[in-house]
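Have the model open and turn it slowly as you read. We will go from single residues to helix pairs and then to the nonpolar interior.

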Amino acid sequence: MDAITTEYIRKEDRVQEKIIQPKWQRIILLAVLGYEAAGSLTGGSFLIAEPDGRLMDMPVDLMHGAFIDFLVPGIILFGLGVLNTLAFVSVLRRSVFDWFMAGLALGGLFIWFWVEIALLRELHWLHAMWGIPVLFGWVVAIPLIAWRHESAMMRKVLLTCGILSTLWYVAINIFVPGWYEGYSTVTLTVSELSAVDAPTRILWVLLALPYPLIFSAFVWGILKSSTGNRPLKVTGSLVIAYSIFNFYWPPMHQREVIAAGGGTLTDTLHITWAMITLLFMILLMGFGAAGLGKRFRYYTVATWVVFLLFGILTFMESPGIEANLPTPHIGLWERINMGAFMLWVVVLATVLLLRKEK
């Protein structure tokens, strides 16, 4: 009986070792929860104290008639502050429900910002100040949830998120253009759907927000599949960096504005973001190929050839955007490039799903 008890205790200890969150992830998660708790409690208190919004210099008509004043939003925001405080304490104490509390708190904030942007029908720098940390929090909360539910099924769920992220991005690329009168997926770029003052800017931002979150869940599926495989570990790290980098994209202006000299720093940054994103894609494909078999490497090389060919075609037509001249196929070339990468992600996820867990 003593031997059985001792073995049971050892097993329990091994389980506890698996669910100890790495220090850097725990620090980030605690910082995000504490930061959001303080902001939500403060903002909610101000809105409850003065429902007309004067303490925060916000007119009620910002909500376009959704609420008569800020009392109800203030109560909800204060409640989210309480929830994030409880989540902070739970993660700090390493409670067995820390994964649930962190997920509930961050999920509540994500819904809050999503609804807020939809009601305001505009983006504000405060959305980045308070919203982007929530996305960071999600990135480090996902592995905590995974470790609390260590199983082959959890690994498969995380890997499946790679496939789901591609399906989601394809779906919004089909859906959103229908709300932009005169938009052509062949002659216009994807970025023009979210350009400043574009009729689909807010719709695109709202629907694109889940993409990096779903894709970041895929990261942890890769890492859980990378036992003894250094290139796959690097691939996972690059996917984390790619996901975080894509939390925010500086918007471009509409091409007629740029042609008239109305471009700003965000247009330059938008191009910079695109180039860095492309570099991330090439690197993570390279390391992913190095970590898997010969056939997958050949497939990756073929994907790189597509990148090179259609990247050149896209680049050749891109001056037409700045000059507001016709770009007959730029949207098609760009989408083929993006589609090649996302198909590669689907194939990578499928290959890892079919591998036996070590």
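Serine 45 counts as partly exposed, because its relative accessibility is 32%, a value between the 20% and 50% cut-offs. Keep in mind that you are looking at a predicted model. Serine 45 lies in helix α2, and its partner to look for is glycine 74. The two are 29 residues apart in sequence, yet their C-alpha atoms are 6.8 Å apart in space.

Stay with helix α2, which covers residues 23–49, and find helix α5, residues 125–148. A pair of packed helices is described by the angle between the axes and by the distance between them. Here the axes come within 9 Å and cross at roughly 135 degrees. An angle of that kind falls outside the parallel, perpendicular and antiparallel ranges, and α2 and α5 are therefore oblique to each other. Their crossing is left-handed. On the α2 side, the contact is made by Trp24, Gln25, Ile28, Leu29, Val32, Tyr35, Glu36 and Gly39. Helix α5 answers with Met129, Trp130, Pro133, Val134, Gly137, Val140, Ala141, Pro143, Leu144 and Trp147. Sorted by character, the residues of this contact are 14 nonpolar, three polar and one charged.

Now move along to a second pair, helix α8 (residues 210–224) and helix α9. Their axes are 9 Å apart and the helices pack at an angle of about 165 degrees. That makes α8 roughly antiparallel to α9, since angles over 145 degrees count that way. This crossing, too, is left-handed. From α8 come Tyr211, Pro212, Phe215, Ser216, Val219, Trp220, Ile222 and Leu223, and they meet Leu232, Lys233, Thr235, Gly236, Ser237, Val239, Ile240, Tyr242 and Ser243 of α9. The residues of the contact divide into eleven nonpolar, five polar and one charged.

Let us pick one member of that contact. Is serine 243 buried or exposed? With a relative accessible area of 1%, serine 243 is buried, because the cut-off for buried is under 20%. Serine 243 sits in helix α9, residues 230–245. Apart from neighbours within four places in sequence, serine 243 is in contact with Pro212, Phe215, Ser216 and Val219.

For the interior, a general point helps: in soluble globular proteins, nonpolar side chains tend to be buried together. In this model the largest nonpolar core has 85 residues, and Leu29, Phe218 and Phe341 touch the most other members. You have met Leu29 already, as one of the α2 residues in the contact with α5. Phenylalanine 218, once neighbours within four places in sequence are left aside, is in contact with Leu158, Leu159, Cys161, Gly162, Val345, Leu348 and Ala349.

Finally, look at the backbone of two loops. Most residues other than glycine have a negative phi. Aspartate 57, though not a glycine, has a positive phi of about 55 degrees. You will find aspartate 57 in the loop between α2 and α3, where it is exposed, with a relative accessible area of 70%. Aspartate 197 also has a positive phi, near 70 degrees. Its place is the loop between α6 and α7, and aspartate 197 is exposed as well, at a relative accessible area of 65%.

Terms used
Residues are numbered from 1 along each chain as its sequence is written. This is a predicted model: local features need pLDDT of at least 70, side-chain atom pairs count only at pLDDT 80 or more; totals for chains, interfaces and linings use all residues. Side-chain values use heavy atoms; hydrogens and water are left out. A nonpolar core is a set of buried Ala, Val, Leu, Ile, Met, Phe, Trp, Tyr and Cys residues joined through side-chain atoms within 4.5 Å. Buried means under 20% relative accessible area, exposed over 50%, partly exposed in between (1.4 Å probe, protein chains only). Contact means heavy atoms within 4.5 Å. Axes are lines fitted to C-alpha atoms, for helices over the stretch in contact, and angles run from 0 to 180 degrees between N-to-C directions. Helices (H or I, at least four residues) and strands (E, at least two) are DSSP runs, numbered from the N terminus. Angles under 35 degrees count as roughly parallel, over 145 as roughly antiparallel, 65 to 115 as roughly perpendicular and the rest as oblique. A crossing is left-handed if the near helix is turned anticlockwise from the far one by less than a right angle, and right-handed if clockwise. Ala, Val, Leu, Ile, Met, Phe, Trp, Tyr, Cys and Pro count as nonpolar, Asp, Glu, Lys and Arg as charged, and the others, Gly among them, as polar.
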